[in-house]
Structures are given as C-alpha cells and as structure tokens.
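Q: I have a structure open and would like to go through it with you. Could we take it chain by chain?
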Amino acid sequence: MTFEMPNILPAVPEIFVFSMACVILIVDLFLSERRRIVSYLLAQATLIGAAILTFKLMVSEPVFTFSNMFVADRLADVLKLAIYAVTASVFVYSRDYLRTRGMYRGEYFVLGLFGVVGMMIIVSAGHFLTLYLGLELLALSLYAMVAFQRDSSQATEAAMKYFVLGAMASGMLLYGMSILYGVTGNLEIAAVRRALAGMDADNVMLIFGLVFVIVGIAFKLGAVPFHMWVPDVYHGAPTSVTLYIGTAPKLAAFALVIRLLIGGLENLAASWQDILVILAVLSMGVGNVIAIAQDNIKRMLAYSSISHMGFFLLGILSATPNGYSSAMFYVLIYAVMSLGSFGMIILLSRSGFEAERLEDFKGLNQRSPWYALLMLILMFSMAGVPPTVGFYAKLLVIQAVIGVGMVPLAIVAVLFAVIGAYYYLRIIKLMYFDEAEDKTPIVAGGDVRLLMGVNVMLLLAIMPWIGVIIDLCSQAIKQLS
Amino acid sequence: MEFKQFIFYFFSAVLVFAAAMVITIRNPVKAALFLVLAFFSAAGLWILLQAEFLAIILVLVYVGAVMVLFLFVVMMLDINLVRLREGFGEYLPIGGLVAVLLVIEMAIILSSGQFGLENMPEPPAYTADYSNTRELGRLLYTFYVYPFEIAAIILLVAIVAAITLTMRRRKDTKYQDPNKQIRVDRKDRVRMVKMRSEKKV
Amino acid sequence: MFGLSMKTIYLLIPLSPLAGAIIAGLFGWKIGKVGAHVVTILGVTVSFVLSAFVVLPDVLAGHVFNGPVYTWGVSGNIPMEIGFLIDPLSALMMTVVSFVSLMVHIYTIGYMRDDPGYQRFFSYIALFTFSMLILVMSNNFLQLFFGWEAVGVMSYLLIGFWFTRESAIVANLKAFLVNRIGDFGFILGIAAIYYYFGTLDYGAVFAMAPQFTDKVVQVFPGLDWNVLTLIAILLFVGAMGKSAQVPLHVWLPDSMEGPTPISALIHAATMVTAGVFMVARMSPLYELSETALSVVIVIGAVTAISMALLGIVQNDIKRVVAYSTLSQLGYMMVALGASAYAAGIFHLMTHAFFKALLFLAAGSVIIALHHEQDMRKMGGLKKYMPITFITAWIGALALAGIPPFAGFFSKDMIIEAVHLSQVPGSGFAYIAVLSGVFVTALYTFRMLFLTFEGKPRMDEHALRHVKESPWVVTVPLILLAIPSFIIGALMVEPLLFENYFGDSIKVLAAHDVVAQLGRQYEGLWSFVSHALVSAPFLLAVGGIFTAWLLYIRYPHLPDLISKRTRMVYTILVNKYFADEFNNFVFAGGTRIFGRWLWKIGDVKLIDGLAVNGTARVIGWISAVIRHVQSGYVYHYAFAMILGLFLLITFFLHG
C-alpha cells in the first residue's frame with residue numbers, strides 16, 4: 001500500500017493559525033485578568049503572521065493538495081488576507097468593550113481564531129466535504145461566541161436560535177450535497193464540474209439538490225426567506241460578537257457561493273440564476289423596508305446587511321465573470337463598511353451602557369463632530385451616495401445585471417436602494433439636527449480612534465485605486481474556470 | 001422478494017416509524033427510547049450494506065454513550081410538557097400540510113428513476129479477508145486526512161465552547177484547601193480572651 | 001522670464017490669488033490679520049506684475065496663445081477643458097483687473113482695519129480676483145460660465161459680507177436673484193451654442209458662425225428667429241444681469257450695502273464689466289446679427305440716460321457713484337451696439353480706473369465721517385482731506401469727460417462712434433448719450449460740491465474727528481488718480497487706431513465706425529482742440545456750471561426745483577418705481593404662482609402622494625411585516641421550510 005505524503009505547504013497558514021489558537025488557549029490559562037493583553041497581542045500576532053505566510057506563499061496558478069480537497073489560488077489568497085485584516089480590526093474594536101463588560105477572556109480571541117480557521121478552510125475548499133466542515137467549524141465558533149455573555153438571557157436566546165436554525169440549514173446543505181453526489185458520483189468540486197459538463201442541465205434531480213444547496217447558502221448569507229436569524233442574532237449577541245459575525249464571515253459566505261455555485265455548479269447557472277433573482281429581490285425588499293421600522297441600530301444594521309446581501313447576489317446572478325468580480329468587490333467593501341458601523345456602536349458604548357438605540361446617536365455632532373462625520377461617511381457609503389465607494393459597489397453590481405439584459409431587476413434594485421437611503425439618512429439627521437440627550441464625551445483608546453479613522457476614510461480614499469481592486473477581483477475570478 | 005430486500009424494508013419501516021414517534025410522542029423518555037430504536041434500525045441497514053464497523057460504532061457510541069447521557073439529562077430536567085406543546089395543534093394543519101406536500105414532492109423526484117438499480121448497479125462482492133475497519137482507517141488517514149483533521153478541530157472547538165459556556169468560578173463556592181488546612185497555626189484559630197470574673201450585683 | 005514657460009505664467013496668473021485666498025481663508029485664524037493681507041496682496045501682485053510686464057508685452061509682440069491647459073472631464077465627445085485664450089483683449093483685461101484688484105487690496109487694509117471678518121474679506125476678494133481672471137482668460141464657454149458664476153457667488157458673499165445687517169442680506173439676495181434671471185438667459189445661450197455648433201470652444205464657434213447666418217429656428221410657433229440673433233440675445237441677457245442693464249439693473253444700487261472696497265472692485269471696475277467684455281469677446285457672433293446689435297445699443301442707451309438722471313436725486317454718496325456706474329455701463333453697451341468694441345473696451349478700462357478712484361475716495365470720506373454716507377451731512381471737507389479732495393476732483397473730471405482726463409477720450413469716442421453708426425436705434429442712442437453727458441457732469445459735481453465745498457453740515461462732534469485717511473487709503477487713491485488722469489491720452493491712439501486688438505475683435509467692414517473715426521483722426525492735439533468746441537464738451541461744462549449754480553451759488557434752488565416738479569422728482573426718487581414694479585408684478589406674480597405650485601404640486605402631489613405617500617405606505621408595510629419576525633424559533637424554522645418548499649415547487653413543477 002503506497003501513501004504519498006500530501007504537500008502541506010499551501011496549508012501552512014491554516015496550520016499556523018490553528019496551532020497559535022491552541023497556544024493562546026493554553027497560555028491564557030496562566031494569565032490573570034490584568035495580563036489578558038498577552039492573549040490579545042498573541043491573537044493579533046497570529047493574524048499578522050498568517051498574513052505574512054499567506055503573502056509569502058501566494059501563487060500565481062491554482063495549487064491543489066490533500067487529494068484536491070484544498071486549493072490555493074488567487075481568490076483564496078485575496079479573501080484570506082481580507083479576513084485577517086477584518087478580524088484583526090474586530091479584535092481592536094472589541095477589546096475595550098469586552099473589558100468593561102466582564103467578557104475579557106482569552107476564549108473570545110481563541111474562538112475568533114478558530115472561526116478564522118473555519119473561514120480559511122471554506123475559502124480554500126476544493127471539495128464539498130471540506131467546504132461543509134469549514135462551515136461547521138465557523139458556525140460552531142460563532143454559536144459559542146454569540147452565547148459568550150453567559151448571564152445575558154438575550155444572548156443565550158440568540159445563540160439558541162442561531163444554533164437550531166443553523167443546524168437545520170446545515171442539514172439542508174448536506175442533503176443537497178448528497179443528492180448532487182448521488183447524481184454526479186463525486187464530491188470534488190472540479191470533478192463535479194466536469195461531470196456536469198456532460199449532463200443535461202434540466203435534470204430534475206440536479207435542480208432538486210441545487211435548491212437544497214442554495215437554501216443552505218442563503219441561510220449563511222442571511223438572504224430572505226432564510227434570514228430570520230439575522231436580526232435576532234445581531235441584536236442579541238454582544239456588540240463585539242455582532243461585529244465579528246457581521247464582517248469576516250460574509251467574506252467566507254462569498255467564498256462558499258463562489259466555490260459551490262460557480263466553481264462546481266456553473267453549468268446549472270440557468271437554474272440558480274432564477275432562484276437567486278427571487279432571493280435577491282426579496283432580500284433587498286424585505287431588508288430595506290423592515291429596516292425603516294427599527295429603532296435599535298443593531299437590528300437596523302442587521303436588516304441592512306440582509307439588503308446588502310441582496311445587492312451582492314445581483315452580481316452573482318448575472319452569471320458573468322464581470323458580475324462575479326463586482327460581487328466580490330461589493331462584499332469586500334461591505335465588510336469594511338460593516339466593520340466601521342458596528343465599530344462605531346462599540347465606540348459610543350460605555351461601561352453599563354449600550355449605544356444601540358437610534359436615539360443614542362442624537363446630536364452626536366455636538367458631542368464629537370469628528371465621529372459624527374465618520375458616521376456620516378459610513379451611512380452615505382452604506383446608502384450608496386456618490387463620493388463614497390459604496391456607491392461604486394452598488395453601481396458595479398447593477399451594471400453587471402444590466403449587462404445581461406435584466407433591466408427590470410436593475411430598476412427594482414435602484415428603487416430599493418432609494419428606500420434604503422431613508423433609514424441611513426435618518427441617522428444622519430439624528431446626529432446633526434437633533435439635540436444630544438447625553439452629553440458625555442466619547443472616550444476611546446488611541447488604537448481604536450486611529451483604526452476608526454483609517455477604516456472610514458478608506459471608503460473615500462480608496463476611490464483612486466478602485467481599478468486596482470477590481471482588477472484583483474477579476475484576476476481571482478478568472479482563475480476559477 | 002429476496003430475503004435481503006425483506007430485511008431492508010423491515011429495518012426501513014422500523015426506522016421511519018421510530019423517527020416519527022421521536023417527534024410526536026409526548027413523553028420525552030419514551031421519545032429518547034424511540035431514538036435508540038431508530039439507531040438500532042439504522043445500524044441494521046448498515047450491516048446490510050456490509051459496513052459493519054459503522055454499524056457497531058453507531059450502536060456503541062450513539063446508543064451506548066450519547067443516548068444514555070441524553071436520557072439522564074431528560075430525566076433530570078423538569079421539562080414542562082404542557083407548555084412545550086402549547087400551540088402544537090394550532091400550527092398542525094398548516095405545518096402538516098406543508099410537510100405532507102414536501103414529502104410527496106420529494107418522493108416524486110427521488111423516484112424519478114435517477115437512483116434506481118439500473119443506475120446504481122450493485123458493487124462487486126468483497127473478498128473474505130476484506131476488512132471494513134482497515135479500509136476506513138486507510139481512507140481516513142490518507143485520502144481524507146484533511147477533512148479528518150478538520151473534524152478533529154471541530155471537536156476541539158466544541159469542547160472549548162462547552163467549557164467556556166458552562167464553567168464558572170463562583171466566588172461563594174465553599175471548598176476545602178488541604179494545603180491550607182495542613183499549614184494552619186494555633187494562633188490563627190485560638191484566641192485567648194481574658195474575662196473578669198463575674199461580680200455579684 | 002525666470003525660465004518659466006508662457007503656459008506656466010498663464011497658469012500662475014489666476015492661481016496665485018487663488019493660493020492666497022486659500023491660505024487666508026483656511027488658515028486665517030492662524031496667520032493673523034497681517035499674514036492674511038500679506039499673502040493675498042502677494043498673490044495679486046504676482047498676477048499684476050506678470051500680466052502687465054510679461055503677458056502684455058508678449059501679446060503686443062504678436063504672441064497669441066489659444067489652447068487647453070487641462071482636461072477635467074469628457075462628456076459624450078465634448079472635452080471639458082480649462083483653456084486660455086491670451087490675446088490683446090484678454091491681456092488688457094487681465095492687467096486692468098489685477099491692477100484695480102491690487103489697489104483695492106491695499107486700500108482694504110485701512111478700510112477694514114477693525115473688522116472682525118478681516119481675513120475672510122481678504123480671502124473673498126482674492127478669490128474674486130481668481131474668478132475674474134479665469135473669466136477673462138477663458139477660451140471656451142464652459143470656463144467662461146464657471147468664471148461668470150464664480151464672480152457672481154463672490155459678489156453675493158461680499159455684498160452680504162456684514163451678514164448681521166438685515167439690509168445687506170436683502171441686498172445680496174436681490175443681487176443673486178436678479179443675476180439668476182440673467183444667468184438663465186446666459187446658460188440658454190451656451191446651450192444653444194452647443195446645440196447648433198457642437199462645441200464650446202470659442203475659436204471653433206467663431207469659425208463656424210458665418211455658416212449659420214441664414215439658419216432660422218422657431219422659438220414660438222410661427223415666429224422665425226435667426227439662430228445667431230437668438231444666441232446673441234440670450235447671451236446678452238446674461239450680460240444685462242451681470243452688467244446691470246435696464247431692466248436688470250435693480251440689484252446694483254442695493255449692492256452698495258457691501259463694504260466700499262467691494263463696491264470699487266466688483267461693482268464698478270471689474271465684475272460688472274464682465275458683460276461688456278463678454279459681448280466684445282463674442283464680437284464675431286454679434287457682428288453677424290444686426291438685430292442683436294440693435295438690442296444692445298437701445299438697452300445701453302436707455303440705461304445710460306435713465307440711470308444718470310437718478311444720480312441727480314440721490315443723497316447717499318455711494319449711491320450716486322453706483323448710479324453713475326450704471327449709466328457708464330450703458331455707455332459701454334452703446335459702444336458695443338455701435339460695433340465700436342474697441343471704444344467700449346477703452347471706456348471700460350478708463351472707467352475702471354476713475355470709478356474705482358471715485359469709490360475709494362467716497363470710501364475715504366465715509367471712513368473719515370465714521371460711516372456716514374449721507375451727503376446732506378457732509379460739506380467743506382476739502383480743508384480736512386486734501387488728498388482725497390484732489391483725487392476726487394480728478395476722478396470727477398474724468399467721469400464728466402473734461403479733456404485731458406481719461407474719461408474724455410473714451411466717452412467722446414463712444415459718442416462719435418454712435419453718431420456714425422447705422423444700426424437701427426443708433427439715432428436714439430446718440431441723443432441719449434449726448435444728453436447723458438450733461439446729466440453726468442451735473443450729478444458728479446453735485447456730489448463733489450456737496451461733499452467738499454460749502455460749509456460743514458455735520459455735527460460738532462463728527463467734525464472734530466475728521467482727518468485725512470491713512471496712507472494705505474491715500475496711496476491707492478493717488479495710484480488710481482494717475483491713470484485716471486493720463487491713460488486716456490496715452491492709450492487712445494494705440495488702442496483705437498493702431499489695430500491693437502487685431503483678431504481678438506472682429507468687426508464687419510460695414511459696421512466699422514472705429515475705422516471711420518480713425519480716418520478723421522488727425523492726432524491727439526487736433527482731437528482735443530476740436531473737442532473743445534464740440535457739443536459733448538460744451539454740455540459737460542454746462543453740467544458743471546449748473547451744478548455750481550445750484551449747489552454753491554444758490555443752494556436753496558434745488559429744493560425749490562424739486563417742489564415745483566413734484567411728479568418728476570417723485571418718479572426719480574423712487575427710481576422709476578422699478579423696485580415696486582418688480583416686487584408687485586414679478587415677485588408677487590411669481591409668489592402667487594409659486595404658492596399655487598407649492599400647494600397643489602408640492603404639498604398635495606409630490607409630498608402628499610409621491611413622497612409622504614410612498615413613505616407612509618412603506619412604513620405601514622414595514623410595520624406589518626416586522627411582525628413576521630415573531631421571535632419564536634419554530635416560526636423561523638417554519639419560514640425556512642416554507643421557503644424551501646416554495647422554491648422546490650416553483651422550480652421543479654413550474
């Protein structure tokens with residue numbers, strides 16, 4: 001019996017992050033509350049180290065290893081680097097928040113890093129099995145993080161809902177995969193693609209499996225009607241965890257979509273296109289409309305994320321390389337915007353006070369013109385107002401849709417974007433035109449202030465380099481087929 | 001009908017029945033026991049597929065360990081059954097309708113001929129010295145080593161998560177520290193109090 | 001020069017005041033008052049020096065530059081460019097603008113000394129200088145429009161500089177609104193140019209214009225308009241707004257609410273002449289349309305005489321100068337209408353100097369009297385303010401058109417040109433400008449006599465504090481007095497008869513009155529001596545004499561006259577009721593129309609139905625469907641199953 005040692009080099013970043021997570025887990029046991037910063041710094045070092053490794057190991061052509069279950073390509077590299085950056089920022093924003101709420105424990109960082117490993121596995125998956133396992137790893141970390149504030153019944157309830165519904169969605173995804181396996185006789189993404197090339201795309205069984213797979217994906221994205229967990233979880237979870245859930249996993253979910261639908265099932269595009277149209281329209285509609293009725297900003301942003309996922313799906317459902325890269329651009333930008341918005345909520349929160357009602361933003365301009373300005377830019381970007389990059393992201397996906405002749409869909413998208421602008425602008429109105437109820441000055445550490453500034457200004461400053469980013473996205477997409 | 005087929009249908013029928021009972025029966029202990037029955041039936045099906053190792057593992061791990069633990073939990077927790085079932089009847093018509101329709105649809109599609117015997121011919125019989133366990137082990141540690149490792153990580157995360165969420169250090173917990181007990185000093189425990197003798201009033 | 005290419009120099013001219021404005025505006029709080037005026041004056045000085053001593057000689061040597069500097073956008077296939085057209089016309093304008101601006105900058109140091117908005121003011125006027133330079137240097141209509149609007153904005157900001165004063169706010173709003181009407185015509189004109197010519201570049205438009213002489217367009221059904229006439233008149237509407245021609249003149253007198261340096265810089269010397277400059281610049285278009293020229297000459301003549309008459313009855317010293325400006329702008333327009341573009345620009349230049357001088361002199365008086373502007377409370381100031389007095393005399397003589405002062409040459413040229421012109425309406429214009437000379441002399445010297453001669457009429461307290469203004473005020477006065485004195489005699493020959501403008505102004509041979517004048521012209525001395533017996537000179541002297549009679553010899557006469565001619569006086573004092581008419585008909589009518597639109601269109605249809613209606617419907621939908629989010633996990637699970645079920649049903653059986 002021969003056994004060839006797989007080439008583990010491409011997977012070194014994964015191995016590194018995992019090992020470091022274990023190290024932190026152990027080191028943390030010996031740290032007192034005061035010295036917890038060591039865990040934090042180790043976690044940041046892990047992410048930086050992983051970034052360096054990923055950068056060093058970057059490949060120009062896709063490399064497969066572990067019996068083709070692992071793939072390292074441009075898409076994976078770009079997304080991994082983005083995931084590190086976003087997660088590192090999440091840790092920076094979260095630290096003070098955790099400390100003032102008695103949640104400053106090493107497990108937060110450890111679970112966060114395990115989540116990162118899960119995301120990396122999804123991003124680099126070459127096989128339905130690894131895709132699924134990565135998803136479960138990520139999901140499990142997230143469930144635990146949502147429940148992290150053990151004494152909060154709200155958080156526990158949110159975790160419970162997330163867990164039950166997530167398990168259901170995983171089951172559906174797995175069922176869909178098994179059906180596809182039954183039809184194509186393979187679980188390896190590239191092999192499935194080859195098998196499908198010789199098959200009738202209208203095969204009932206294939207579409208049956210496809211629907212289940214898409215339901216699983218839609219749940220992870222939080223697309224309507226599989227979105228119900230999103231507001232409750234975003235709302236119930238501690239804000240630092242919401243920040244985590246709302247940013248990096250979106251990138252992983254994008255990878256999930258790309259690997260499954262485009263890497264493996266692109267031959268079924270005609271079918272999934274129609275399904276995604278329904279999901280996208282429902283998501284944009286329900287997300288934007290219900291967000292208006294919210295008075296809790298975390299819930300509002302949850303609905304906003306649902307609508308953003310609808311916009312993101314527009315890029316995917318155009319089923320052209322151009323559309324995929326615009327969707328990738330969208331999701332990258334969304335991660336940055338979302339990071340800033342939740343970061344701002346954390347920033348305004350203090351010990352014993354959660355700045356999560358809309359009223360808490362009243363008169364922010366009087367309290368701190370600088371943060372009000374940052375929030376203004378964030379909200380403009382979310383709404384898609386021109387000088388910000390958010391506009392460009394929306395423009396690209398809508399262009400992609402128009403490019404394949406779906407003009408009515410584009411019109412619907414624009415209409416919903418206009419409706420959506422209402423609730424973003426309402427925050428701006430609150431900040432600038434209402435009296436502050438609470439005049440306490442905003443205090444934040446230097447690292448948080450700096451990062452927040454960079455984070456938000458990125459949305460404006462990136463404009464001249466949009467071309468470069470789009471090129472990067474389209475290169476990544478080009479390697480898929 | 002071959003005997004093999006009979007066995008298959010028998011186990012399948014028991015499995016479906018037991019699974020249905022798990023979610024419909026009122027008593028949680030009985031539901032857990034029906035789950036045990038479902039596992040046994042599934043194990044029987046696996047034996048039929050010549051996957052003896054998996055069948056035994058299923059019985060050992062799920063029935064022997066998981067379900068016993070589960071039964072303990074169910075028996076120790078005081079679950080209010082009446083409240084749990086509130087609204088069940090209310091949602092039954094619509095829920096049941098959707099469920100039935102879904103089952104019918106799935107049945108139609110799955111019986112559309114894709115998975116019939118003609119499409120999935122019986123694999124060649126294994127030789128006598130074929131070891132199910134060995135083959136599984138070989139595959140898991142070579143071809144599937146990557147997913148196998150990931151599964152291990154998932155288990156680790158599950159442990160970490162469970163401990164994080166449940167372990168608390170209560171400040172008011174009363175516990176003994178033998179170390180302290182040994183090093184106790186007389187002056188820590190005994191205090192000499194001088195009192196004046198009582199006077200007569 | 002200094003190894004700089006001409007293109008760099010052209011760029012430096014507008015950009016150095018801009019840089020000054022930015023520094024003074026954004027960092028004024030840091031660099032202080034001195035810093036603010038130093039940077040802006042430095043910027044304007046650079047512009048002036050480069051314009052006068054580099055660009056002007058270069059242009060005179062025959063180097064004309066026309067080309068883009070920077071393309072900032074492309075829409076369809078029109079490039080939108082920053083481009084410069086540097087020819088004799090623009091070089092002259094650049095020199096005049098930067099010189100007057102420089103004088104005003106220096107003067108402002110004294111005038112605004114104690115104002116809290118000192119840095120802001122310097123930033124504004126430097127920014128204005130930048131805008132005006134961009135306007136005159138432009139080689140395309142888009143940039144022209146940019147400069148046009150930019151000077152408008154600066155004018156708006158500067159009129160309302162003392163924004164706590166109610167009257168300043170009203171005045172700047174008025175200036176803004178009236179200019180909007182003009183700008184509307186202007187932008188329609190530009191749009192028409194783009195529509196017919198397909199380009200916004202001056203050179204290309206002018207080259208193509210002769211092909212369009214016979215093209216007609218129906219603006220209203222059944223009424224054919226020549227395209228060029230339409231364009232020329234639309235553009236002229238813009239000029240009427242900016243150069244304050246009747247009936248869009250109403251904003252200019254009110255603009256005197258702004259600080260005096262602004263009145264001198266913007267509302268006398270530079271911005272208001274933008275319309276004149278623009279028409280001269282567009283001479284290749286105007287020349288092709290007799291109708292347009294006729295409109296220009298008639299409007300100009302009406303403005304020249306009617307506004308001069310108003311000058312007689314004003315008591316506010318600045319308003320007298322303001323009405324005089326209006327009247328002089330009318331003269332310039334008349335010159336343009338008579339195709340004597342060179343004479344118009346010549347008058348523009350001389351007027352810029354002597355009118356800036358008069359404004360600044362008026363300002364000097366105003367400072368001395370602690371912001372008292374009513375001439376009835378002045379008098380006898382010549383003893384106290386000799387420099388102001390002498391320079392004001394020079395300005396007044398120049399304005400009245402007495403040889404050898406600058407105004408004489410330019411104004412006489414205009415009158416002669418109109419006399420020779422064959423454009424319909426020129427006969428009326430000739431009478432108007434001729435009688436205007438008398439009136440001009442009358443109001444100018446009325447102002448001069450009331451202010452400086454006779455007995456002091458202010459109270460004791462004020463009189464004790466009267467003294468000559470500081471050097472930052474008097475030096476610009478002197479520096480402006482010099483060109484007011486001599487520039488007419490110096491420039492009349494080169495500018496008018498030696499083909500200074502070359503190709504930058506185009507005149508058809510049939511209209512070329514300046515050339516006709518040139519043939520009669522026999523040298524400066526004979527021109528002057530001939531003028532001494534001509535009607536304009538006699539009228540001017542008559543005007544001065546009348547003023548002397550009325551305000552020095554028999555000071556009780558004016559009251560008597562005004563009482564006897566009650567009706568005329570009332571009409572003049574109320575400025576022909578133009579404001580009342582506008583308020584009632586245009587403002588009132590617009591308000592009624594606007595109210596109707598607001599009530600029906602906005603409140604009911606847009607707000608009620610479209611905006612609030614949809615918002616309410618969406619809010620309602622939102623409030624209803626949020627209840628789907630019940631919080632029960634089995635509801636959520638059921639929703640997922642239902643979604644799955646519907647998708648399967650839809651895609652497998654649908």
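A: Certainly. This is a predicted model, and in chain B the elements run α-α-α-α-α-α-α-α-α from the N terminus on.

Q: How many helices and strands is that for chain B?
A: Chain B has nine helices and zero strands.

Q: And what share of chain B is buried?
A: Of the 201 residues in chain B, 10% are buried.

Q: Among contacts in chain B with a separation of 6 or more, what share comes from residues 24 or more positions apart?
A: Such residues account for 53% of those contacts.

Q: Changing topic: how many residues do chain A and chain C each bring to their contact?
A: Chain A contributes 25 residues and chain C contributes 20 residues.

Q: Which elements of chain A give two or more residues to the side that touches chain C?
A: They are helix 6 (153-184), helix 8 (204-221), helix 9 (229-236) and helix 12 (269-292) of chain A.

Q: Which of them gives the most?
A: Helix 12 of chain A does, with seven residues on the side that touches chain C.

Q: What is that side made of, by class?
A: The side of chain A that touches chain C has 21 nonpolar residues, together with one polar and three charged residues.

Q: What about confidence: what pLDDT does chain C average?
A: The average pLDDT of chain C is 85, and 98% of its residues score at least 70.

Q: And what are the ipTM and pTM of the model?
A: The model has an ipTM of 0.91 and a pTM of 0.66.

Notes:
Residues are numbered from 1 along each chain as its sequence is written. Chains are lettered from A and ligands numbered from 1 in the order in which they are written. This is a predicted model: local features need pLDDT of at least 70, side-chain atom pairs count only at pLDDT 80 or more; totals for chains, interfaces and linings use all residues. Two residues are in contact if their C-beta atoms, placed from the backbone, lie within 7 Å. Helices (H or I, at least four residues) and strands (E, at least two) are DSSP runs, numbered from the N terminus. Ala, Val, Leu, Ile, Met, Phe, Trp, Tyr, Cys and Pro count as nonpolar, Asp, Glu, Lys and Arg as charged, and the others, Gly among them, as polar. A residue is buried if 20 or more other C-beta atoms lie within 10 Å of its own, exposed if 12 or fewer, and partly exposed in between; C-beta atoms are placed from the backbone. pLDDT is the predictor's confidence in each residue, from 0 to 100.
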